[in-house]
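Biologist: I am new to reading protein models and would like a close look at a single part. Could you pick one residue and walk me outward from there?

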Amino acid sequence: MKKTYSISDLDCIVCSQNLESKLSTITGVKSVQVNFFLQQLTLEADDAEFGAILKRVRRVVDHTIPGAVLS
């Protein structure tokens, strides 16, 4: 499954690259792309575990970029 989300409060390109790097290490994530200019996160992950993976993604986003909202 592949979905795109809006992500707020990305302050810089380096922050988005750092976030993308951390998210790519989550088990079950096939691909992840963080677009600083569009303020978007595109996530591709296993269909059966997508909900659980998304919860992990949200935790990493919260920890890496405090105040960021993934919607």
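**A close look at Leu41**

Modeller: Happily! Leaving aside its neighbours within four places in sequence, Leu41 is in contact with Lys3, Thr4, Tyr5, Ile7, Leu23, Val32, Gln33, Val34, Val61 and Leu70. Please keep in mind that this is a predicted model.

Let us start with the strands around this residue. Leu41 lies in strand β3, which spans residues 40–45 and pairs with strand β1 (residues 2–6) in the antiparallel sense over five bridges. In that pairing, Lys2 stands opposite Glu44 of β3. Strand β2, residues 29–35, also pairs with β3 in the antiparallel sense, over six bridges. Here Asn35 stands opposite Gln40 in β3.

Now follow the chain from β2 to β3. These two strands form a hairpin with four residues between them, and Gln39 in the turn has a positive phi of about 55°. A search of the whole structure finds one aromatic pair. The partners are Phe36 and Phe37, arranged edge-to-face, with 5.3 Å from centre to centre and 70° between the planes. Phe37 is exposed, with a relative accessible area of 68%.

Back to Leu41, this time as part of the largest nonpolar core. This core has 21 residues, and those touching the most other members are Ile7, Leu19, Leu23, Leu41, Leu43, Val57 and Val61. At least two core residues each come from α1 (13–23), β2, β3 and α2 (50–64). The largest share, five residues, is supplied by α2. As a general guide, nonpolar side chains tend to be buried together in soluble globular proteins.

Terms used:
Residues numbered from 1 in each chain as written. Predicted model: local features only at pLDDT ≥ 70, side-chain atom pairs only at ≥ 80, totals over all residues. Heavy atoms only, no water. Phe/Tyr/Trp six-rings, centres within 6.5 Å; stacked < 30°, edge-to-face > 60°. Buried < 20%, exposed > 50% of the residue type's maximum accessible area, 1.4 Å probe, protein only. Pairing = 2+ DSSP bridges. Core = buried A, V, L, I, M, F, W, Y, C linked by side-chain atoms within 4.5 Å. Contact = heavy atoms within 4.5 Å.
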